[in-house]
Structures are given as C-alpha cells and as structure tokens.
Amino acid sequence: MLGVESRYAWWRLAASAVLGTLGGVGMWSISVVLPAVEVEFGATRADVSLSYTTTMLGFGVGTMLVGRLIDTRGAFVTVLLASLLLVVGYVAAALSTSLWLFAAMQGALIGVGAAASFIPLVADISHWFDKRRGLAMAICASGNYLAGTLWPKVIDVIMREHDWRTAYLAVAVICLVGMVPCCVVLRPRAPVHAGGGGPPPAPYSARSLGLSPNGLQIWLAIAGVGCCVAMALPQAHIVAYCADLGYGTARGAELLSLMTAGGIVSRVASGWLADRLGGIRTLLLGSTLQAIALLAYLVSDTLLALYLVSALFGLVQGGIIPSYGVIVREYFPPQEAGARMGIAVSATIVGMALGGWMGGALVDLTGSYRASFVNAFAWNVLNGVMIWMLLFRQMRRRVFV
C-alpha cells in the first residue's frame with residue numbers, strides 16, 4: 001500500500017536517508033580538503049574559503065530550483081538528475097587546474113547536485129507522514145549529518161594515502177554506485193500529487209501570525225541567514241582551526257565527524273520535539289543552545305576542550321535547519337512544500353556561505369579565530385530575536401482566538 005505512514009512510506013524514508021548520507025558529501029568534503037587545496041594552489045585562507053562559499057551558494061540556489069522541480073516533477077526524476085550532476089562535479093573538481101576553476105566546480109556542479117539530497121527530500125517525505133511528520137522529516141534530514149560523520153574520515157584516509165584529487169574521484173564512484181539504485185525507490189509520486197488520501201492542510205496560515213505568506217517567507221529567510229552565519233564557522237573551519245593550533249588536520253576531521261554525529265542525535269530529538277512543541281519553539285531552543293556553544297569555543301583551545309565543545313555544538317544545533325521545514329509545513333499549503341522549504345533553507349545556505357567566508361577573512365585580518373567566533377555569536381543573536389518575535393506573534397494569536 002502506497003499511502004501516508006504505510007510500510008512503503010518507511011521504506012521511502014530509509015532510501016531518502018541513504019541518499020542524504022551519500023549526496024551530503026557535497027556539503028562536507030570541502031571542509032576536509034580545504035587545507036590541502038590551500039597549500040597546492042598557494043592561496044590565502046580567505047581565497048580558499050571562497051570555495052566553501054561557492055559550494056554553499058550553489059547548494060542554496062540548487063535547493064530552490066530542485067525544491068520547485070520536486071513539487072512539479074516528483075522525486076525520482078529530480079534526485080536522479082541531481083545525483084548525476086554531483087558525480088560529474090566531483091570528477092571535474094578533481095581535474096581542476098586552478099583554485100578559481102575548483103571553486104566554480106564546487107558551486108555550479110557539486111553544490112547544486114548535492115542540494116537534492118537534503119531539503120527537497122525532506123519536503124518530499126513530509127507528504128508521506130502525518131502524526132509522525134516532524135520525526136520523519138528529522139530522520140530524513142539526519143542523512144546530511146550522517147554524511148558529515150562518515151565522509152570526513154573517509155576522505156581524510158584517502159588523502160593520507162594519496163591526495164585530495166584521488167579522494168574526489170573516489171567520492172564520484174561511490175556516489176554513482178550508491179545513489180542511482182536508491183533513486184528507483186522514489187518512483188511513486190507523493191500522495192498530495194497522486195490525488196486522494198493526501199495529508200491535511202497546514203494547521204495554521206502565515207496570516208495567523210499577522211504576516212502575509214511572502215512576509216513570513218522573508219522573515220524566515222532573515223532568521224535563516226543569522227543562524228547559519230553562526231553555524232558555518234565551526235563546520236567550515238574546525239579542520240583549519242585545529243591545524244592552526246598545531247593539532248593537525250586529522251584531529252580536525254575527527255572533530256568534524258564528532259560534531260556531525262552529535263547533530264544526528266539533535267535532529268532526531270528535534271523532530272520528536274517538533275511533533276509536540278511545534279516548529280517555532282523547537283527552532284528557538286536550538287538557536288539559544290547554539291549561541292551558548294559558540295561562546296564556549298571562545299574559551300576552548302586545548303584538544304580536550306575542543307572535543308567537548310564540538311560534541312556540545314553538534315548536540316544542540318542539528319535540529320535548527322529542519323525546524324524551518326516544519327514551520328513551512330505548519331504555515332503554508334502542502335502543495336507548496338518543496339518550493340517554500342527550498343526558499344527558506346536556501347537563505348540558511350546563504351548564511352553558511354557568508355559565514356564560511358567571513359570566518360576566513362577575519363582570520364586573515366586578525367591572525368586568530370577569536371574575532372570570527374564573536375562575529376558568529378552576534379549573528380546568532382539576530383536569529384534569536386527574529387524567532388522570539390515569531391513566538392510572541394504565535395502566542396498572541398492563541399490568546400485572542
């Protein structure tokens with residue numbers, strides 16, 4: 001039976017999580033190879049951080065394009081095309097002859113191709129669940145963090161035996177072999193598209209918060225930029241930060257894996273909470289705890305402290321981005337899920353891109369990461385203010401209804 005919360009829905013969720021794990025390499029690989037690329041091309045930290053920025057921008061643009069495409073064409077065709085684009089991107093990046101060509105391949109091919117493995121899949125799976133929708137969306141989104149747990153170690157091992165170019169070619173082969181079969185599982189269209197038996201409409205509307213639909217979309221976009229400028233610093237620079245402190249890139253890759261492993265726990269827990277508290281409260285909780293973790297980085301430069309803080313950071317921030325998807329399903333029609341989630345999350349990716357570049361630029365300017373962490377905290381405060389105001393609007397509605 002191909003209905004909401006059917007056995008097939010759970011199989012589809014499993015296939016989507018695998019696709020997220022494999023395709024998620026597009027977001028994480030650049031953080032691992034960044035120091036090696038910097039040395040090979042003789043670049044500054046800010047110049048090489050631009051490759052991270054182009055990746056995130058490509059990911060953000062791809063999220064919007066793929067989100068709209070998955071609403072109209074379905075998951076199978078959309079994710080299959082994106083998977084092939086990702087494979088071609090890794091081959092092209094491995095053959096790059098300059099830093100600028102490498103950055104272009106990271107953005108135009110790898111970033112765009114990897115986009116399908118995250119929020120568009122989350123939007124698709126949201127149509128297949130009702131009572132457990134938040135949990136299902138969180139499990140699907142956890143594939144991205146499982147990618148961050150596994151891929152840094154895999155790439156680091158290959159780099160130590162060979163080089164970053166060989167690692168990229170290996171990634172291309174693994175993605176081709178693993179992702180295409182999973183795409184076949186996604187061939188049935190979502191119930192909302194197939195007609196009949198679809199999920200109920202959103203329980204609220206943007207108007208219930210005193211905002212127009214586009215107004216709420218802009219509000220979420222501003223909040224998304226704020227939280228993810230903050231989030232990007234540890235995720236994009238932890239490997240380079242460890243190298244600067246003298247602990248080596250291998251330790252940095254371990255910290256990145258630890259961070260994203262904690263993110264898996266955080267994402268599943270946030271999905272469980274979202275089914276009970278709603279998306280706005282869940283997002284606010286994650287944002288507040290992320291700010292505390294960023295402050296902890298300011299006083300942590302020993303290896304043990306970095307392990308502890310990175311584990312904390314992963315445990316508190318993993319549920320932030322999926323919470324935007326939950327809010328979209330709560331306040332927008334289900335037929336717009338892919339496009340609306342794509343726009344909301346693309347704003348968070350813009351924040352990731354900006355935060356990754358700003359982190360490197362501030363290091364070049366000041367000679368340390370202290371200013372970078374202060375900057376990240378300030379942007380996190382902006383996010384917290386925006387979400388507190390949304391929560392106030394939600395609470396006011398409930399008082400007067």
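Hi everyone, let's start with a helix: α15, residues 337-366, has 30 residues and reaches 43 Å from its first C-alpha to its last, close to the 44 Å expected at 1.5 Å a residue. Please keep in mind throughout that this is a predicted model.

How many residues of α15 are buried? The count is 21 of the 30, so this helix is largely enclosed by the rest of the structure. Just after α15 comes G367, which takes a positive phi of about 85°.

Now let's move to α10, residues 213-245. With its 33 residues, α10 reaches 47 Å between its first and last C-alpha atoms, close to the 48 Å expected at 1.5 Å a residue. Where does α10 bend? Look at H237: the bend there is about 60°. As for its surroundings, 24 of the 33 residues of α10 are buried, so this helix too is largely enclosed by the rest of the structure. And just after α10, have a look at G246, which has a positive phi of about 90°.

Let's zoom in on one residue of α10, namely A236. Is A236 buried or exposed? Its relative accessible area is 4%, and buried means under 20%, so A236 counts as buried. Which residues does A236 touch, leaving out those up to four places away in sequence? They are S31, L34, Y52 and G356. Here is a nice one to find on your screens: A236 and W28 are 208 residues apart in sequence, yet their C-alpha atoms are 8.2 Å apart in space.

Just ahead of this helix, S212 sits in the loop between α9, residues 191-194, and α10. S212 has 30% relative accessibility, so it counts as partly exposed. Leaving out residues up to four places away in sequence, S212 touches A206 and R207.

Next, the second largest pocket, which holds about 200 Å³ of space. Its lining is made up of 13 residues, and those nearest its centre are Y241, L245, S368, Y369 and R370. Which elements give two or more residues to that lining? They are α10, α12 (279-298) and α16 (370-400). The largest share, three residues, comes from α10, so we meet our bent helix again. What about the classes of residue in the lining? There are seven nonpolar, three polar and three charged residues.

Let's compare that with a shorter stretch, α5, which covers residues 99-115. Its 17 residues should span 24 Å at 1.5 Å a residue, and the end C-alpha atoms are 22 Å apart, which agrees. α5 has a bend as well, of about 30° at Q106. Of its 17 residues, 13 are buried, so α5 is largely enclosed by the rest of the structure.

One last residue before we finish: L312, in helix α13, residues 303-317. L312 is partly exposed, with a relative accessible area of 35%. From C-alpha to C-alpha, L312 and G148 are 16 Å apart in space, while 164 residues separate them in sequence.

If you would like one place to begin exploring, try H237, where α10 bends, and then look for Y241 and L245 among the residues nearest the centre of the second largest pocket. Thanks for listening!

Conventions
Residues numbered from 1 in each chain as written. Predicted model: local features only at pLDDT ≥ 70, side-chain atom pairs only at ≥ 80, totals over all residues. Heavy atoms only, no water. 1 Å grid on protein atoms, 1.4 Å probe; cavity = no way out; pocket = protein on both sides within 12 Å on 5 of 7 lines; lining within 4 Å. Points joined across faces, edges and corners; volume = space filled by probe spheres on them. Helix = DSSP H or I, 4+ residues; strand = E, 2+ residues; numbered from the N terminus. Nonpolar A, V, L, I, M, F, W, Y, C, P; charged D, E, K, R; others polar. Expected span 1.5 Å × (residues − 1). Bend = angle between axes of the 7 residues up to and from the residue. Buried < 20%, exposed > 50% of the residue type's maximum accessible area, 1.4 Å probe, protein only. Contact = heavy atoms within 4.5 Å.
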